[in-house]
Structure formats: C-alpha cells, structure tokens
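This note is addressed to a first-year reader who has the sequence and the model at hand. Please follow the numbered points with the structure open.

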Amino acid sequence: MSNLPGKRIVLGVSGGIAAYKAVDLASKLVQAGATVNVIMTRSATEFIMPLSFEAITKHPVHVDVFEGWSEDAKGHITLADEADLIIVAPATANTIAKLAFGMADDMLTVTHLSATPRGVPLVIAPAMEHHMYIHPATQANLETLRSRGAWIVGPEHGHLASGAVGTGRLSSPDRIVGAIRQALGAGGPLMDRHIVISAGATRESIDPIRILTNRSTGKMGYAIAQAAIDAGAQVTLISTPTNLPEVAGATHVAVESAIELRDAVQNTAVGADVLVMAAAVADYRPVEVATDKIKKTDDDLAIQLTRNPDILATVETPGTLRVGFAAETRDHQEHALGKLERKNLDIIIANDARQAMGSDDNEVALYYRDGRVDTLSLVSKTEVAAQIVERIVEILSLRSMTSS
Ligand code: C5P
C-alpha cells in the first residue's frame, strides 16, 4: 500500500561509483508496483551494465539520445510524456550542473527538459566526492534545482570511494523511495494539512539504567505517518525510540516519557488539522527517579508509581480532528466508546492489544463520533493506516464543505 503502484518512473543513473546501488533502488520501485524506465549516462555504463537494469525492470535501458527516432520519430519525448516522476540516482556533480543549466546533450538531460515543464516532479539523489559536493558551484546548482521545485535527497555523511569520510554518499534506496513517495504525494488530498502523529512505547525512568515500558513497536504510527505523506500532508511524527527507519518527509520529534510526549503534543498539535495518538503511553511513572543505579538489597523491591497525565483528555486542540487508539484485551467496544467520549475524539480505533503489539497485522474496528462503525478484518498495518488516512480525508473535506 503506497502511492507507487501503476506509476511510471524514469530512473536516471549517472556515472558514479554508487551507480550499482541504483539497481537495488530500481528493484524496490518495481516490487512496489511502479513501472521503471532507466536512462543511463554514457559514463554510468562504465560502472555498471545496462543489462542489470533491464533484468530488474523488464524494459530496455536508454543511453543514446538518437535511438528510437527511426521507429516513431519521437524518441525521448515518449519517455518524458509518460513519466509520473524522474529520479536521478546517483546524480553526479556533472549531471546536476547540466540539469541546473538546462543542457540537453544526452538522453537523461533531454528527457528532463521535455518532462519538467509539464510539472513532472524531479527527485535528485546526489553522490560524489565530498569536495565536489561542497564546491560552491555544485551547491549553487543544487539550489537552482531546489528553487525550481526539485526534491533533493541526501547525500549522507560516511565513507566515500576515495577512502575519505565526508558528506557525499548516496542515500539508502529506502530513503530515496521515501523521497519519491513524498514527491508523488505532493498536491494530494491532504495538501496544506498539518497532521501530528504520536508513535511508540513511552519509557519511564526508574534509575539511570532501568525503564518502565511496553511492547508497542511504533509500527502503526509510522505507517499512518507514511500514508499521510503519500497523501501530501505535512507530518510531524512524535516518536519514542523505535527500531523503525525515519519516515522521509516527516518532521521527527524525539521523546521518551509520557510528560515529554505531552509537552511535544502541546507544542505541535494546537492549530494542527489532525492529531493521531498512536503512541502507547504508560499510565504510571515512578514517583521518584533514583539518581544512582538501584542496588539489590532485599528480596523484594517496591517502586511507587504515580498516574501520568492523560494527554488526549488534557491537551485541548480546538478545531483539530482527533484520532485515538484503544488497545484492549477484553470488552473492546465498550472501552472504545467510553474513550471516544472521555477523550473528545472524532475516531477511535479499537484493536486487540495481544494481537496488535509488535505484529505486522491488525484486526481493527473504527468507531466514529456520529455512531458509524467500520470493521477491518486481519489486514496489514499499512492497509489499516491507508484506511485511516482515507477516512481523515473524507471527514476533513466534509468539514471544509460545511464551513464554506
Ligand atoms: O486510556 P488509554 O490509554 O487506553 O487510551 C488510549 C488512547 O489514549 C491512545 O490513543 C493513547 O495514545 C492515548 N493516551 C493518552 N495519554 C495517556 C494514555 C493514553 O493520550 N496518558
């Protein structure tokens, strides 16, 4: 579930050592349901064989700008006309300069010039030696492209082909796919909407080493953040530590305890269009946090706990669409409806705590303020997230229709 199925993506590969990583990128895009047409620069073919991309994408790789003219006299124009997005990965300093200056001396730059005036999004993943990257010319060229609406992803800091350590490594294929999804989502149904999402298990300190926490992995909240980005939203993801990769395009806010989470929600959700509280918040925290490690003495140890604030019930967000979760082990409906009322929610998503925590799948029921109920049988968290975002889109558009 993403915004990639059915999309036609032109993958431009220019001549850097990172060209081999573009094969993995092409594979991820194909697996996600996109049609990928690869264009290589002549120097890229020195690093990697076109055949690698052809085997993955099942489409011919384009290198020569004059190929195909005899068949339909259109050549590159067909690729440019059909593209939903152009990604250049890796983008070398040379190709970036050519794109910025509007040169058209190879298949990639010609396709770029033909496609971008139609509003086809351009995503650029630079990869080069650190000194080439920081050169004012490269920086100015990237700025030119950015100011024209291109999405730039990376480069990252790390080991470079020269043996040096610096900024210039190609972003990971997952990050590049994230940037592509963000670019494809821009202008979607949640355009100009700010969505604040909390995710993960809170951690309450007992002493400098121990914490009280729960089994939530954050997967649900991250999946909702990704689905909202796919729909063009501006997303703030407030998260406790998780093992999940960052959601490209979201503003990440790191928290640990329930109090930190409450403060972050207070700071970001007031005035937001939507607040989704997917975090599993500890109901209690230790009254005191020991400054030194608690040493073992007796057989028993009592830790006194105090109630954490209920964030949804206490943070007021007038005008914001509010979505909460109810993870229960019994009497799901009764508890969910109680929380819908008490926490002043527009939607509450009820699931079975034993099944939901840590699993990739989820069986959920959505209860709405107007009394409607939707049940989704065992589906992946990404599907549940897409459904939740769809409902959010519906409710927001109904609201703006009635207020206009
Ligand atoms: O009361 P309970 O913890 O079951 O409610 C769950 C919902 O309320 C979730 O959306 C959770 O993120 C939110 N919550 C909260 N503040 C708390 C506990 C839970 O906002 N202290």
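1. The model under review is predicted. The points below deal with helix packing, with unusual backbone geometry, and with aromatic rings.

2. The contact of α1 with α10 may be taken as a starting point. Helix α1 covers residues 21-31 and helix α10 covers residues 173-185; their axes lie 9 Å apart and the packing angle is about 50°. Angles of 35 to 65 degrees fall outside the roughly parallel and roughly perpendicular classes, and the two helices are therefore oblique to each other. The crossing of α1 past α10 is right-handed.

3. Which residues of α1 and α10 meet? On the α1 side they are Lys21, Asp24, Leu25, Lys28 and Leu29, and on the α10 side Pro173, Asp174, Ile176, Val177 and Ile180. Sorted by class, this contact of α1 with α10 holds 6 nonpolar and 4 charged residues, with no polar ones.

4. Helix α1 also packs with α3. Here the axes come within 9 Å and cross at roughly 15°. An angle under 35 degrees counts as roughly parallel, so α1 is roughly parallel to α3. The crossing of α1 past α3 is right-handed.

5. The residues of α1 that take part in the contact with α3 are Ala22, Val23, Ala26, Ser27 and Val30, and their partners in α3 are Ser52, Phe53, Ile56 and Thr57. This contact of α1 with α3 comprises 6 nonpolar and 3 polar residues, and no charged residues. The student may set this beside the contact of α1 with α10, where the division is 6 nonpolar, no polar and 4 charged.

6. A further pair is formed by helix α11, residues 219-230, and helix α16, residues 381-403, whose axes are 8 Å apart at an angle of about 50°. That angle makes α11 oblique to α16. In passing α16, α11 makes a right-handed crossing. From α11 the contact draws on Lys219, Met220, Ala223, Ile224, Ala227 and Ala228; from α16 it draws on Lys381, Thr382, Val384, Ala385, Ala386, Ile388 and Val389. The classes in this contact of α11 with α16 are 10 nonpolar, 1 polar and 2 charged residues.

7. The backbone deserves separate attention. Most peptide bonds are trans, and most residues other than glycine have a negative phi. Where, then, does the model have a cis peptide bond? One runs from Ala89 to Pro90, with omega near -5°, and Pro90 is found in strand β3, residues 85-91. A cis bond also joins Gly154 and Pro155, with omega about 0°; Pro155 belongs to the loop between β5 (151-152) and β6 (156-159).

8. Is the phi of Lys58 positive or negative? The value for Lys58 is positive, near 65°, and this residue is not a glycine. Lys58 is placed in the loop between α3 (50-57) and α4 (69-72).

9. The last point concerns aromatic rings. How many aromatic pairs are counted? The count is 0. Rings do, however, lie beneath charged groups: the charged end of Arg307 sits over the ring of Tyr284, 5.8 Å from the ring centre. Likewise, the charged end of Arg372 sits over the ring of Tyr368, at 4.3 Å from the centre of that ring.

Technical notes. Residues are numbered from 1 along each chain as its sequence is written. This is a predicted model: local features need pLDDT of at least 70, side-chain atom pairs count only at pLDDT 80 or more; totals for chains, interfaces and linings use all residues. Side-chain values use heavy atoms; hydrogens and water are left out. Rings of Phe, Tyr and Trp (its six-membered ring) pair if their centres lie within 6.5 Å; planes under 30 degrees apart count as stacked, over 60 as edge-to-face and the rest as tilted. A charge sits over a ring if NZ of Lys or CZ of Arg is within 6 Å of the ring centre and within 35 degrees of the ring normal. Axes are lines fitted to C-alpha atoms, for helices over the stretch in contact, and angles run from 0 to 180 degrees between N-to-C directions. Helices (H or I, at least four residues) and strands (E, at least two) are DSSP runs, numbered from the N terminus. Angles under 35 degrees count as roughly parallel, over 145 as roughly antiparallel, 65 to 115 as roughly perpendicular and the rest as oblique. A crossing is left-handed if the near helix is turned anticlockwise from the far one by less than a right angle, and right-handed if clockwise. Contact means heavy atoms within 4.5 Å. Ala, Val, Leu, Ile, Met, Phe, Trp, Tyr, Cys and Pro count as nonpolar, Asp, Glu, Lys and Arg as charged, and the others, Gly among them, as polar.
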